[in-house]
Amino acid sequence: MADKRAPNERIKESSRYLRGTIEDGLSHTETGAIADDDTQLLKFHGSYMQDHRDVRGERAKKKLEKAFSFMIRLRLPGGVVSSEQWLKLDDIAEHQANGTLRLTTRATFQYHGIIKSNLKRAMQAINAACLDTIAACGDVNRNIVSSANPFLSPVHQQVADLSRDLSDHLLPKTSAYHEIWLDGEKVGEAGGKAVKDSEPLYGEHYLPRKFKIVLVVPPDNDADIFAHDLGYIAIVEKGKVIGYNVTVGGGMGMTHGDEDTFPRTADVLGFCTPKQAVAVAEKVMTTQRDWGNRENRKRARLKYTIEDRGLDAFRKEIESRLGFKLSAPKPFQLTHTGDAIGWRQGADKKWHFTLFVENGRIKDIEGWTLRSAIREIAELGLVDFVLTGNQNLVIANVPAKSKRKIETILKSHGVALTPSSAMRAHSMACVALPTCGLALAESERSLPGLVTRLEETVEKAGLRDDAIVVRMTGCPNGCARPYLAEIGFVGRNPGIYNLYLGAAFDGSRLSKLYARDVSEDQALDLLKPLIIRYAKERDKGEHFGDFVVRAGVVTATEHGNQFHKDIVLAD
């Protein structure tokens, strides 16, 4: 009988628990690349092979191989690093990468531009900072995101602690990472004693696709809980977390032109106690391991498992594996998906400054030396840093007497304390070109200028302080969660995007396609009159996404399987 499984399944099966020939490939200096199968396995170690697409044509003319390099992503559950760790990570950016750090939409770091000869050095330097990249990518549970600042209150700390417990419990157990990158003992070579690998949760095939977990503390939905496979909404009574509403089946990715693929918002599965939370995660993940589609990777995420099997059947299976029933969900209210930019005081009276970092890129350019500013703050040794799911940075645990010092350092490096508008503060883009191999159009390099042009209309309409969520991705995979943006741009071709409108400001409703294959100029021509109309006709407290639905500009997407339905495109 023919093997109908996706090719990745066979690669995992024969990989000897994620080893493949990665170690051998690193030793070949005649090429900057590694073997095709190893590029898939490398993801489980937290890295992607990429190439600089801006120079592809030039190198091809010279009959040179592509300008290969590697992206490394850290596993950083809860998003916290100390000042000492920041300095070590900054050194890696300087000596092994392209001189920048990037804060991702899942509250961790990415390095870009690491050549093959530096890849192992970078991994070892990350380990020396007491951090790692295990399972930051690949068909496993990936980095776990929790509400932005664990230092804000005991409740936030409890949620952050759970994120680390979940990450540790769901971590792959293969020793391949330590063997390849940290020169650990090889399987079968430990002093003559047999060393055997096993994966008690994953098995040799791991998961059908990636698996993402987030945790939020209402009213903040700063981790976009409905966009992920598994979520925990903290239910707080009298200053303590009494349990969590569990959400399942969210996910952003889709494929252009394939209506069998679609983004989906998560369903609320039930309520669990704090002591049950880790067990619930294990059973949700292992059910997806057993039920997920291993033939068609385009439909292999948990969202399609639940879509095809039904939420009730999925709940029944989870409860059977748990040996107990989940309680009914408890009331909750989420109000927004963005970060509160600026100073906030924690329960312990220390201060925390959330700094807007446009598209998460920390670098130095003339007149705006953000990377140097953060390094100078880290060298004070006074603070911790927290990465947010909106690509921003919290400078945490600042003593009251040091607040002015922090502000002075930022200003001296040309770093504004507040963004130019609430719209910019709620903007987000994926990396896209020139490094992402999936990108069809620009994103990180394009969105800032587009927002600047939109701000002219926002200013004219008197909406500078009114938040409108704008997100852009270079392809339909949705890394910057554009389908949960009130205004979303999704790349189709160079300079060409699909324009989506109408998502809910609190992240609970998907958008709808409004205009297909438009340039930035065409998109602006469509958006400007809508923004002016919104300013004039909105109800009190009404957000832009709700307005365009109420005004009949787009229909509401009530469920992911309706994402491609009832579309009336703009003229």
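**Exercise 1. Find which residues line the second largest cavity, and sort them by class.**

Step 1. In this predicted model, the second largest cavity is lined by Thr337, Gly338, Asp339, Asn390, Asn392, Ala425, His426, Ser427, Met428, Val469 and Arg471.

Step 2. Now sort them: the lining has 3 nonpolar, 6 polar and 2 charged residues. Gly counts as polar here, so put Gly338 of the lining in that group.

Step 3. Add the volume: this second largest cavity holds about 80 Å³ of space.

**Exercise 2. Describe the largest cavity, from its volume to its lining.**

Step 1. Start with the count: the structure has 4 cavities of 30 Å³ or more.

Step 2. The volume of the largest cavity is about 120 Å³.

Step 3. Its lining is made of 14 residues, and those closest to the centre are Lys212, Ala227, Met252, Arg301 and Gly478.

Step 4. By class, this lining divides into 3 nonpolar, 6 polar and 5 charged residues.

**Exercise 3. Trace the antiparallel sheet that contains β16 and β17, and explain what sets its edge strands apart.**

Step 1. Write down the order of this open sheet of 5 strands: β3-β16-β17-β12-β11, paired antiparallel.

Step 2. Look at the two ends. β3 (80-82) and β11 (342-345) each have a single partner strand, so one side of each has no neighbour in the sheet.

Step 3. Follow the twist: from one strand to the next, it averages 25°.

Step 4. Zoom in on one pair. Strands β16 (residues 384-387) and β17 (residues 393-398) run antiparallel and are joined by 4 bridges. Here Leu387 stands opposite Leu393 in β17.

Step 5. Finish with the helix. α13 (residues 403-412) packs on the sheet and touches β11, β12 (351-355) and β17, with its direction at about 150° to that of β17.

**Exercise 4. Work out the layout of the mixed sheet, and place a helix on it.**

Step 1. The strand order in this open sheet of 5 strands is β6-β7-β8-β9-β10, and the pairing is mixed.

Step 2. Why do β6 (145-146) and β10 (267-272) each have one side without a neighbour in the sheet? These strands stand at the edges, each with a single partner strand, so that side is left free of a neighbour in the sheet.

Step 3. Check the pair β8 (residues 230-237) and β9 (residues 240-248): these strands run antiparallel and share 8 bridges. Glu237 has Lys240 in β9 as its bridge partner.

Step 4. Now lay helix α7 (residues 154-169) across β6, β7 (213-216), β8 and β9; the helix runs at about 50° to β9.

Definitions and conventions: Residues numbered from 1 in each chain as written. Predicted model: local features only at pLDDT ≥ 70, side-chain atom pairs only at ≥ 80, totals over all residues. Heavy atoms only, no water. Pairing = 2+ DSSP bridges. Helix = DSSP H or I, 4+ residues; strand = E, 2+ residues; numbered from the N terminus. Axes fitted to C-alpha atoms, helices over the stretch in contact; angles between N-to-C directions. Contact = heavy atoms within 4.5 Å. 1 Å grid on protein atoms, 1.4 Å probe; cavity = no way out; pocket = protein on both sides within 12 Å on 5 of 7 lines; lining within 4 Å. Points joined across faces, edges and corners; volume = space filled by probe spheres on them.
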